[in-house]
Amino acid sequence: LDEVALKFSSIALDIFIDLEKILETSSNNISFKALALSIFLKVSKSLSDSRLERMLKTITEQYSLFKEDFKKEIVMICKNISQTNPTKYRTYFNFFTNLIKLDAAESTKLEIINALQWFITNVLEYRKVGLLALGEYIEDCKFETLKTKILLILGEESAGLSIINQIIRYIYNRIILEGRVIRAASVPASGVIAKKLND
């Protein structure tokens with residue numbers, strides 16, 4: 001079912017209730033639940049907002065139980081689905097902002113950041129909230145490459161917004177609190193903002 005879910009979604013639609021039971025029962029094998037979740041997400045375009053929200057909440061609550069490769073797969077599937085389904089932008093955006101706070105490997109966190117960056121760049125409604133979510137995450141992020149990427153996003157996307165002072169504070173904190181690599185990335189991010197403010 002997982003392999004055919006994208007091409008033949010009508011097959012999986014008939015078993016939504018069974019998938020939900022598998023996912024919501026804590027006693028089920030994690031690998032089994034992982035496959036059920038993958039099918040569920042691949043055919044989620046036909047779900048009501050409330051049903052999808054409930055399922056994404058379940059995913060978030062159980063996220064720490066999943067193996068790292070499946071955490072990443074969840075994010076990648078959700079990222080691809082969210083970008084082609086405007087009616088569910090809000091639901092997926094909220095899902096990504098919740099996931100970024102949870103423990104995951106660097107490669108998984110990168111996929112979450114990429115998902116949020118897409119919203120920041122392409123959906124004006126989520127630009128401010130997305131930038132603030134990244135700014136808050138950078139305070140606790142332990143991966144230098146991700147911090148550098150976030151600094152670049154903050155510098156490029158924040159000019160002209162009412163939250164510019166908050167964004168500048170996030171960047172400035174990196175200059176005074178971080179090691180030389182992150183300090184070096186913070187300076188040009190500040191420069192990009194300064195240049196755009198003066199244009």
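Trainee: How many helices and how many strands are there in the protein?

Mentor: This is a predicted model. Read along the sequence, the protein follows the pattern α-α-α-α-α-α-α-α-α-α-α. The count is 11 helices and 0 strands.

Trainee: What does the C-alpha trace of the protein span along its principal axes?

Mentor: One pair of residues gives a sense of scale: the C-alpha atoms of A184 and F70 are separated by 34 Å, and the two residues are 114 apart along the chain. A184 lies in helix α11. Along the principal axes, the whole C-alpha trace spans about 55 × 30 × 25 Å.

Trainee: Is A184 buried, partly exposed or exposed?

Mentor: A residue is buried under 20% relative accessible area and exposed over 50%. A184 has a relative accessibility of 48%, so the class that applies is partly exposed.

Trainee: What share of the residues in the protein is buried?

Mentor: The protein has 199 residues, and the share is taken over them. T91 in helix α6 is buried, with a relative accessible area of 7%. Over the protein, buried residues make up 48%.

Trainee: Which residues is T91 in contact with, leaving aside its neighbours within four places in sequence?

Mentor: T91 is found in helix α6. T91 is also among the residues through which α6 makes its contact with α4. With the sequence neighbours left aside, the contacts of T91 are L52, E53 and L56.

Trainee: Are α4 and α6 roughly parallel or roughly antiparallel to each other?

Mentor: The axes of α4 and α6 are 10 Å apart, and the helices pack at an angle of about 10°. Angles under 35 degrees count as roughly parallel. The two helices are therefore roughly parallel.

Trainee: How many nonpolar, polar and charged residues does the contact of α4 with α6 have?

Mentor: α4 and α6 pack with their axes 10 Å apart. From α4 the contact takes L52, E53, L56, I59 and T60, and from α6 it takes R90, T91, Y92, F95, N98 and L99. By class, these are 6 nonpolar, 3 polar and 2 charged.

Trainee: Which residue of α4 does R90 meet in a salt bridge?

Mentor: R90 lies in helix α6 and its partner in helix α4, so the pair ties together parts that are 37 residues apart in sequence. R90 is partly exposed at 41% relative accessibility, and the partner is partly exposed too, at 30%. The side chains meet at 2.7 Å, N to O, and the partner is E53.

Trainee: Which residue meets D49 in a salt bridge?

Mentor: D49 lies in helix α4 and the partner in the loop between α5 and α6, so the pair ties together parts that are 39 residues apart in sequence. D49 is partly exposed, with a relative accessible area of 33%, whereas the partner is buried at 5%. The N to O distance is 3.8 Å, and the partner is K88.

Trainee: Which residues are linked with K147 in a network of salt bridges?

Mentor: K147 forms a salt bridge with E178, the closest N and O atoms being 3.0 Å apart. K147 lies in helix α9 and E178 in the loop between α10 and α11, so the pair ties together parts that are 31 residues apart in sequence. K147 is buried at 9%, and E178 is buried at 16%. The residues linked with K147 in the network are E139, R174 and E178.

Trainee: How many salt bridges does the count come to?

Mentor: The count takes a side-chain nitrogen of Lys or Arg within 4 Å of a carboxyl oxygen of Asp or Glu. The pair of D49 and K88 meets this with 3.8 Å. The count comes to 8.

Trainee: Is α6 oblique or parallel to α7?

Mentor: Helix α6, residues 89-99, and helix α7, residues 106-122, pack with their axes 10 Å apart and at an angle of about 140°. That angle makes α6 oblique.

Trainee: How do the residues of the contact of α6 with α7 divide into nonpolar, polar and charged?

Mentor: In α6 the residues are Y89, Y92, F93, F96, T97 and L99. They meet K109, I112, A115, L116, W118 and F119 in α7. The division is 10 nonpolar, 1 polar and 1 charged.

How values were computed. Residues are numbered from 1 along each chain as its sequence is written. This is a predicted model: local features need pLDDT of at least 70, side-chain atom pairs count only at pLDDT 80 or more; totals for chains, interfaces and linings use all residues. Side-chain values use heavy atoms; hydrogens and water are left out. Axes are lines fitted to C-alpha atoms, for helices over the stretch in contact, and angles run from 0 to 180 degrees between N-to-C directions. Helices (H or I, at least four residues) and strands (E, at least two) are DSSP runs, numbered from the N terminus. Angles under 35 degrees count as roughly parallel, over 145 as roughly antiparallel, 65 to 115 as roughly perpendicular and the rest as oblique. Contact means heavy atoms within 4.5 Å. Ala, Val, Leu, Ile, Met, Phe, Trp, Tyr, Cys and Pro count as nonpolar, Asp, Glu, Lys and Arg as charged, and the others, Gly among them, as polar. Buried means under 20% relative accessible area, exposed over 50%, partly exposed in between (1.4 Å probe, protein chains only).
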